[in-house]
Amino acid sequence: MSQPPQHLELTKVDIDFPTPNGPFKALQDINLTINKGEFVSLIGHSGCGKSTVLNIVAGLYQATNGGCLLDGKEVNAPGPERAVVFQNHSLLPWLTAYENVELAVKQVFGKSKSKAEMREWIEHNLSLVHMDHAMDKRPDEISGGMKQRVGIARALAMEPTVMLMDEPFGALDALTRAHLQDSLMEIQKDLNNTVIMITHDVDEAVLLSDRIVMMTNGPAATVGEILHIDLPRPRDRIALADDPQYNHYRHEVLTFLYEKQRTPDSGLSSKKKDEATLKVATDEHKPKAKGEDKAA
């Protein structure tokens, strides 16, 4: 069976954040190649740099050393070919579901699609996430799971080659999360997007992924192990519950997280200090909203 073409590469990526106590090295020597249409999960303990990796691919952070290539071109700024879905849906509360998706569509396709084509495209993407029945409702009129569906529709409407998902289902109840996981598998199968997803949920990672990238503890976090998930698709969570291979993969991830990367109690205080330092450093380097400096 031939492998899909590789199109996203992280090569020898380091990133340092300046702090009052000197540079904080969040990532060190990250090397990762991702194939087109592949679903890759990043997993690891809090503070291991998962979101930092995602932000580098998104173009929100610049690596101190090394870099990221997408289809042979250097990633050095955000772009519509890389859509981000956050844990917080980030919908504008005064706009309807339709209008929230419309914002992204106008930004990307305002000069290439007619009004009729844009409306059809918006409705199509809302229907992909089963939200076409609620397109005229505002965020305060729909549930948390429905809000997240609109956020995914907005990302899909940009027609990205890469979907970047930062714990997209982490704030949802178990049943809603399961429904959205199933929807995501269907959409990814139909559209063949490349997906990079951060998760803390081992079962979610095994269910959804082609590969699981397990990160070492920070600071100077790196790729610890990569686990290939060789389970046939489509995947049925109920059938997999008793599947020996599924449970083997699950055990491998748990072993890495809780035995190979377990933080000893004696180092707990320093670990918390490192995480606090990283939070200060990354907060200082987050892109600011327009007018935020004046408000501060």
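K12 counts as exposed in this predicted model, because its relative accessibility is 53% and the cut-off for exposure is over 50%. The residue is found in strand β1, which covers residues 6-17. K12 also has a positive phi of about 50°, although it is not a glycine. Most residues other than glycine have a negative phi, and most peptide bonds are trans.

**Backbone features**

Further backbone features of these kinds occur elsewhere in the chain. E159 is not a glycine, yet its phi is positive, at about 55°. E159 is found in the loop between α4 and β7, the latter being residues 162-166. N192, just after helix α5, takes a positive phi of about 60°.

Two peptide bonds that precede a proline are cis. One joins G218 and P219, with omega about 0°, and P219 is found in the loop between β9 and β10 (223-228). Another runs from R233 to P234, with omega near 0°. P234 has its place in the loop between β10 and α7 (237-240).

| Feature | Residues | Angle |
|---|---|---|
| Positive phi | K12 | about 50° |
| Positive phi | E159 | about 55° |
| Positive phi | N192 | about 60° |
| Cis peptide bond | G218 and P219 | omega about 0° |
| Cis peptide bond | R233 to P234 | omega near 0° |

**The chain as a whole**

The secondary structure of the chain comes to ten helices and ten strands. Of its 296 residues, 45% count as buried. The chain exposes about 15,300 Å², and carbon and sulfur atoms supply 51% of that area. Among contacts between residues at least 6 apart in sequence, 71% join residues at least 24 apart.

**Helices**

Helix α2 consists of 13 residues, numbered 97-109. At 1.5 Å a residue it should span 18 Å, and its end C-alpha atoms are 18 Å apart, so the expected and computed values agree. The expected span uses one less than the number of residues. The buried residues of α2 are A97, Y98, N100, V101, A104, V105 and F109. An α-helix has 3.6 residues a turn, so residues three or four places apart point the same way. The buried residues of α2 pack against α3 and α4, the latter being residues 144-157.

Helix α3 covers residues 115-128 and contains N125. Is N125 buried or exposed? N125 is buried, because its relative accessible area is 2% and the cut-off for a buried residue is under 20%. Not counting residues up to four places away in sequence, N125 touches A153, L156 and A157.

Helix α5 has 18 residues, numbered 174-191, and reaches 26 Å from its first C-alpha to its last. This distance is close to the 26 Å expected at 1.5 Å a residue. At the N-terminal end of α5, D173 acts as a cap, with a side-chain oxygen 3.2 Å from the backbone nitrogen of L175. Within α5, the buried residues are A178, L180, Q181, S183, L184, M185, I187 and Q188.

**Strand β3 and its partners**

How many of the five residues of strand β3 are buried? Five of the five residues, numbered 39-43, are buried, so the strand is largely enclosed by the rest of the structure. F39, S41 and I43 point one way from β3, while V40 and L42 point the other way, and all are buried.

β3 pairs in the parallel sense with strand β8 (residues 194-198) over four bridges. In this pairing, F39 stands opposite V195 in β8. Four bridges also join β3 to strand β9 (residues 211-215), and these two strands run parallel. Here I43 stands opposite M214 in β9.

**Nonpolar cores**

In soluble globular proteins, nonpolar side chains tend to be buried together. In this chain the largest nonpolar core has 54 residues, of which M163 and I212 touch the most other members. A second, separate core of 31 residues includes L32, V40, I198 and V223.

Which residues are in contact with I212, leaving aside its neighbours within four places in sequence? They are S41, I43, A205, V206, E225, I226, L227, I229 and V253. Among these contacts, S41 and I43 belong to the set that points one way from β3. V40, which is included in the second core, points the other way from β3.

Terms used: Residues are numbered from 1 along each chain as its sequence is written. This is a predicted model: local features need pLDDT of at least 70, side-chain atom pairs count only at pLDDT 80 or more; totals for chains, interfaces and linings use all residues. Side-chain values use heavy atoms; hydrogens and water are left out. Buried means under 20% relative accessible area, exposed over 50%, partly exposed in between (1.4 Å probe, protein chains only). Contact means heavy atoms within 4.5 Å. A polar contact is a pair of N or O atoms within 3.5 Å; within protein, one must be able to donate a hydrogen and the other to accept it, and residues adjacent in sequence count only if both atoms are side-chain atoms. A nonpolar core is a set of buried Ala, Val, Leu, Ile, Met, Phe, Trp, Tyr and Cys residues joined through side-chain atoms within 4.5 Å. Two strands pair if DSSP finds at least two bridges between them. Accessible areas come from the Shrake-Rupley method with a 1.4 Å probe; for residues, only the protein chains shown count as cover.
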